[in-house]
Amino acid sequence: MVVRAACLSPAQIDALEAVLYQMLTPLGQEELHEQVSYCLRELAENAVRAVRKRRVFRREGLDIAKPEDYRKGLDLLREEGAEDAASSGNEDDGCWVEVAIAQYPGQIGLRVANTGQMVALERARVAKRLSAAQLYETFDEVVEQVEDDSESAGLGLVMLGMILR
């Protein structure tokens, strides 16, 4: 099953989680639903935020790869707040978020993608968060160490990494 949209709403993500449960049940893996759903939701919400970020940068004529423009764009995103991302884009701008859930013999596959090409700063932040997931034993340890408030703190990615290890 593949869902591609200009933006995914919380209700659409909820529906994808329900599909995930239906795929885990025949495998006898219902107990994994909460953890795998968390991963799905975190990845999907990050993909939506990335698309929204790129729409704001494009609208404002900012170059996401330039550090000074990046800071300006993040400030604009903060000013706009957590408005409904679905209302800030449309199907015609070429941006999309895609979630694919596939069932294979004895397992499922999950893929989340979007049109946003990560820039070096974003890749470094994600790598730092995922490596933090390997360094710490508890989430409390992670929270004590994170001092990055330039965007979201990335704690969801750390939690995702901890769940998957």
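**Confidence.** I began with the confidence of this predicted model, and I noted that the mean pLDDT of the chain is 84, with 86% of its residues at 70 or more. I then looked up where confidence is highest and lowest: helix 1, residues 10-24, stands at the top with 95, while helix 5 has the lowest mean, 71. I keep a general caution beside this entry, that predicted coordinates should not be read in detail where pLDDT is low.

**Overall layout.** I went through the secondary structure next and found six helices and three strands in the chain, which follow one another from the N terminus in the order β-α-α-α-β-β-α-α-α. I also looked up burial for the whole chain, and of its 165 residues 35% count as buried.

**Salt bridges.** I turned to charged pairs, bearing in mind that side chains of opposite charge can pair when their charged atoms come close. The count for the chain comes to 12 salt bridges, and I followed several of them one by one.

In the pair of Arg4 and Glu98, I found the closest N and O atoms 2.9 Å apart. This salt bridge links distant parts of the chain, since Arg4 lies in strand 1 (residues 2-5) and Glu98 in strand 2, with their positions 94 residues apart in the numbering. I checked the accessibility of Glu98 as well, and Glu98 counts as buried because its relative accessible area is 8%, under the 20% cut-off.

I then examined Arg52, which forms a salt bridge with Glu80, their closest N and O atoms being 3.5 Å apart. Here helix 2 (residues 33-60), which holds Arg52, is linked to helix 3 (residues 67-80), which holds Glu80, and the two residues are 28 apart along the chain. Arg52 is buried, with a relative accessible area of 12%, whereas Glu80 is partly exposed at 24%.

Helix 2 came up again with Arg54, whose side chain meets that of Glu122 in a salt bridge of 2.6 Å, N to O. Glu122 belongs to helix 4 (residues 120-135), so this pair too links distant parts of the chain, 68 residues apart. I noted that both Glu122 and Arg54 are buried.

My last entry under this heading is a network of salt bridges, in which Asp14, Glu17, Arg41 and Glu45 are linked.

**Val51.** I stayed with helix 2 to look up Val51, which has its place there and counts as buried at 2% relative accessibility. The C-alpha atom of Val51 is separated by 7.1 Å from that of Thr115, although the two residues are 64 apart along the chain.

**Gly106.** I looked next at the loop between strand 2 (97-104) and strand 3 (107-114), where Gly106 is found. Gly106 counts as exposed, because its relative accessibility of 65% is over the 50% cut-off. I also noted that the C-alpha atoms of Gly106 and Leu24 are 9.4 Å apart, with the residues 82 apart along the chain.

**A charged patch.** I finished at the surface, where Glu137, Asp140, Glu141 and Glu144 gather in a patch of negative charge. Glu141 lies in helix 5 (residues 139-145), and at 31% relative accessibility Glu141 counts as partly exposed. I read this entry with care, as helix 5 is where the mean confidence is lowest in the chain.

Terms used: Residues numbered from 1 in each chain as written. Predicted model: local features only at pLDDT ≥ 70, side-chain atom pairs only at ≥ 80, totals over all residues. Heavy atoms only, no water. Patch = residues over 30% accessible without salt bridge, like charges linked within 9 Å, V, L, I, M, F, W, Y side chains within 5 Å. Areas by Shrake-Rupley, 256 points an atom, 1.4 Å probe, with all protein chains shown as cover. Salt bridge = Lys/Arg side-chain N within 4 Å of Asp/Glu carboxyl O. Lys, Arg positive; Asp, Glu negative; His and termini not counted. Charge placed at Lys NZ, Arg CZ, Asp CG, Glu CD. Helix = DSSP H or I, 4+ residues; strand = E, 2+ residues; numbered from the N terminus. Buried < 20%, exposed > 50% of the residue type's maximum accessible area, 1.4 Å probe, protein only. pLDDT = per-residue confidence, 0-100.
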